Amino acid sequence: MKLHAEKDVWQEVRNAERQHGDRAEEQLARKINDLTARQRFEEASFWSAVAARLKELHEIKFPGSSVLPLLVNPADSGRSS
């Protein structure tokens, strides 16, 4: 599986927060689910990495508020794929 450049991942985290605000996690989860359904797994992997970093950031900024564990496989959040 392709490793994603951290600077690219974090740039998309910032973009997601800027564009979607407090709904960024939900929007990313929808995007990942859509890409997976269309069998675009490499793109889904990249956006899963973005979602994992956003989740980590939100756990620091807003403890207990993350919705991603309900929508994205929590086992993926520890991977750097």
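From the N terminus on, the protein chain runs α-α-α-α. That comes to 4 helices and 0 strands; helices (H or I, at least four residues) and strands (E, at least two) are DSSP runs, numbered from the N terminus. The model is predicted, so to speak of local features takes pLDDT of at least 70, side-chain atom pairs count only at pLDDT 80 or more, and totals for chains, interfaces and linings use all residues. Residues are numbered from 1 along each chain as its sequence is written, and side-chain values use heavy atoms, with hydrogens and water left out.

**Whole chain**

Select the protein chain and show its surface. The accessible surface is about 5300 Å², and 52% of it belongs to carbon and sulfur atoms. Areas come from the Shrake-Rupley method with a 1.4 Å probe; for residues, only the protein chains shown count as cover. Of the 81 residues, 33% are buried. Buried means under 20% relative accessible area, exposed over 50%, and partly exposed in between (1.4 Å probe, protein chains only).

Now turn on contacts, meaning heavy atoms within 4.5 Å. Take those between residues at least 6 apart in sequence: 66% join residues at least 24 apart.

**Stop 1: H1 on H3**

Select residues 6-20 for helix H1 and residues 41-61 for helix H3. Their axes lie 9 Å apart, and the packing angle is about 65 degrees. Axes are lines fitted to C-alpha atoms, for helices over the stretch in contact, and angles run from 0 to 180 degrees between N-to-C directions. The crossing of H1 and H3 is right-handed. A crossing is left-handed if the near helix is turned anticlockwise from the far one by less than a right angle, and right-handed if clockwise.

Show side chains at this contact. From H1, pick Glu 6, Asp 8, Val 9, Trp 10, Glu 12, Val 13 and Glu 17. From H3, pick Phe 46, Trp 47, Ala 49, Val 50, Arg 53, Leu 54, Leu 57, His 58 and Lys 61. Colour by class: the contact of H1 with H3 has 9 nonpolar, 1 polar and 6 charged residues. Ala, Val, Leu, Ile, Met, Phe, Trp, Tyr, Cys and Pro count as nonpolar, Asp, Glu, Lys and Arg as charged, and the others, Gly among them, as polar.

Zoom in on Glu 6 in helix H1. Glu 6 counts as partly exposed because its relative accessibility is 37%. Draw a line from its C-alpha atom to that of Ala 49: the two are separated by 9.1 Å, yet sit 43 residues apart along the chain.

Move on to Gln 11, also in helix H1. At 34% relative accessibility, Gln 11 is partly exposed. Its C-alpha atom is 8.8 Å from that of Val 50, with their positions 39 residues apart along the chain.

**Stop 2: H2 on H3**

Keep H3 and add helix H2, residues 24-37. The two pack at about 160 degrees, with axes 9 Å apart. H2 is therefore roughly antiparallel to H3. Angles under 35 degrees count as roughly parallel, over 145 as roughly antiparallel, 65 to 115 as roughly perpendicular and the rest as oblique. The crossing of H2 and H3 is left-handed.

On the H2 side, select Ala 24, Glu 25, Leu 28, Lys 31, Ile 32, Leu 35 and Thr 36. The H3 side includes Phe 41, Trp 47 and Leu 54. By class, the contact of H2 with H3 has 10 nonpolar, 3 polar and 3 charged residues.

**Stop 3: H1 on H2**

Hide H3. The axes of H1 and H2 come within 9 Å and cross at roughly 115 degrees, so H1 and H2 are roughly perpendicular to each other. Their crossing is right-handed. Select Ala 16, Glu 17 and His 20 in H1, which meet Ala 24, Gln 27 and Leu 28 in H2. These residues divide into 3 nonpolar, 2 polar and 1 charged.

**Last stop: Gln 39**

Go to the loop between H2 and H3 and select Gln 39. Gln 39 counts as exposed because its relative accessibility is 61%. Check the backbone: phi of Gln 39 is near 60 degrees, a positive value in a residue other than glycine. Most residues other than glycine have a negative phi.
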